[in-house]
Amino acid sequence: MRITIVGAGHVGAVSGACLAEMGHHVLLVDRDERIRERLSRGEPPFFEPGLEAMIRGNRSRLEATGDLAGAVQSSAMTFLCVGTPSNGVGEADLSAVDAASSAIGAALCDSSDSHTVVVKSTVPPGTTVNIVRPAIESGSGRSAADGLSVVMNPEFLREGAAVRDFFMPDRLVLGADDPAGAAALEALYRPFHCPRVRCGTATAEMVKYASNAFLAVRISCANEIGNLCKPLGIDTHEVLGAVGLDDRIGPRFLGAGLGFGGSCFPKDVRALVALARALGREARLLSAALDVNDRQPVTFLDLLKARVGISGRRIGVLGLAFKPGTDDIRESRAIAVVQGLLDRGGRVLAYDPMAEERFRQVHPDIEYAGSAAEVVSGTDATVIVTEWPEFEELDYTGRIVIDGRRCRRAEETAAVYEGICW
Ligand SMILES: NC(=O)c1ccc[n+]([C@@H]2O[C@H](COP(=O)([O-])OP(=O)(O)OC[C@H]3O[C@@H](n4cnc5c(N)ncnc54)[C@H](O)[C@@H]3O)[C@@H](O)[C@H]2O)c1
């Protein structure tokens, strides 16, 4: 099948490369020329394990283009993978979804071939029915009655494991409000062997938000417990390790530390809080999860200040990406930590194996080190912000380390060691 992907970012580029690997011919449309150029050279637009090989191996079936209309017209299916960041009041900003939907609608107006538009972007419940479908139908003058379906298939891939997650999802959520759309999704995912949830588009939209809300609340719950364990002299990780053995709870997403960042959890929880507000309700637990999360970097800096001081000190920051395995720094805890260090009069020497280039765009004026070892040896104290495996190989002997992620090597070898919640 010829498939167009609108938005060749983390979701679009990975989905496109993986669909090409499945044998489809994929047209990746992005408004960002640099992304298109990189893809045209066979390079991924960002670091994601396995993605480069997937793109290079399928170059004959992958095209990058800025011609949305031409791509959509020549395809049987279009994936909508544009960003839905927070706006100023925490709602999902749907302007890219709106613009892309209108462009897809306009592209389909001269065609009578059947076409399925698949909403992959994370959007508030009702968006497919109330925004995407009307924009496409009014632009094209077509509807389900003449072969145009708009369905919703939320994406659950995790950056750092996105290729694996595409091919081995825990479940597929197939949201469709018309039989032809449902059938098109079924056909697309026929080769996959995992549980399928068949539901309407609004339910599919809510499944995505609910999943992220649960995970975010879990992390904040772990951090809240950790913040109580620390002054009691109890090892949070021992506690949560034991808690996770309860099979009603399970061990994952119980790592107490600096909290969650990234392009999804913070903005999706904020969007649910905003949705509750719009419904005249309060999402108290979700607001509290965000609040706990926002406070973790402050708690971390307070700890550093109490042990070493910050003003006039040269502080090493290990890790800038929002998590290991990616160069994505969107809402990374490192942004708040570095800003907090600067605000308190500290000087910063930072290192990340992947994310330095992107972090420079946010903080061009701090110093960047060529290696993690340089950070540890060349500063008054080191803070660990992202749990890159290579930080477990460093020599922390004689150094001061304040740890936001539980680096065992630092705990065992540093002269002074403090964990944020342990
Ligand atoms: N990143 C993740 O791990 C992840 C996981 C699951 C779901 N999601 C959701 O998927 C969506 C996309 O996320 P992402 O991380 O891939 O975003 P991203 O910012 O990495 O990519 C979005 C891309 O869309 C392009 N774009 C925007 N408007 C366009 C238009 N009109 N025409 C062509 N291109 C356009 C942008 O240039 C950008 O490259 C979001 O709703 C996000 O919440 C993301």
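**Entry 1. Overall fold**

I began with the contacts of the chain: among those with a separation of 6 or more, 69% join residues 24 or more positions apart. I note that this is a predicted model. I then listed the secondary structure and found 16 helices and 14 strands.

I next compared the radius of gyration with the value for a compact globule. For 422 residues that value would be near 22 Å, and the chain has 23 Å, so the two agree. I recorded the span of the C-alpha trace along its principal axes as about 70 × 45 × 40 Å.

**Entry 2. Surface and charge**

I looked up burial and found that 53% of the 422 residues count as buried. The exposed area of the chain comes to about 17,900 Å², and I noted that carbon and sulfur atoms supply 52% of that area.

I also took the charged side chains, which number 45 positive and 55 negative. The centres of these two sets lie 2 Å apart.

**Entry 3. Strands E5 and E6**

I turned to strand E6, residues 148–152, and asked how many of its residues are buried. The result was 5 of 5, and I entered the strand as mostly covered. I then sorted its side chains by direction: Leu148, Val150 and Met152 point one way, while Ser149 and Val151 point the other way. I found residues on both sides to be buried.

For the pairing, I found that E6 runs with E5 in the parallel sense over 5 bridges. Within E6, I located Val151 opposite Val118.

**Entry 4. Thr122**

I followed the chain from strand E5 (115–119) into the loop that leads to helix H6 (127–140), where Thr122 has its place. Is Thr122 buried or exposed? I read a relative accessible area of 10% for Thr122; the cut-off for buried is under 20%, so Thr122 counts as buried.

I then asked which residues Thr122 contacts, leaving aside neighbours within four places in sequence. I listed Thr84, Lys208, Tyr209, Lys267 and Asp268.

**Entry 5. Gly66**

I closed with Gly66, which I placed in the loop between strand E3 (62–65) and helix H4 (68–73). Not counting residues up to four places away in sequence, I found that Gly66 touches Asp30 and Arg36. I also checked the separation of Gly66 from Ala100, which is 34 residues apart from Gly66 along the chain. Their C-alpha atoms are separated by 12 Å.

Note on methods
Residues are numbered from 1 along each chain as its sequence is written. This is a predicted model: local features need pLDDT of at least 70, side-chain atom pairs count only at pLDDT 80 or more; totals for chains, interfaces and linings use all residues. Side-chain values use heavy atoms; hydrogens and water are left out. Helices (H or I, at least four residues) and strands (E, at least two) are DSSP runs, numbered from the N terminus. The radius of gyration is taken over C-alpha atoms; the globule rule is 2.2 Å times the number of residues to the power 0.38. Buried means under 20% relative accessible area, exposed over 50%, partly exposed in between (1.4 Å probe, protein chains only). Contact means heavy atoms within 4.5 Å. Accessible areas come from the Shrake-Rupley method with a 1.4 Å probe; for residues, only the protein chains shown count as cover. Lys and Arg count as positive and Asp and Glu as negative; His and the chain ends are not counted. The place of a charge is taken as NZ of Lys, CZ of Arg, CG of Asp or CD of Glu. Two strands pair if DSSP finds at least two bridges between them.
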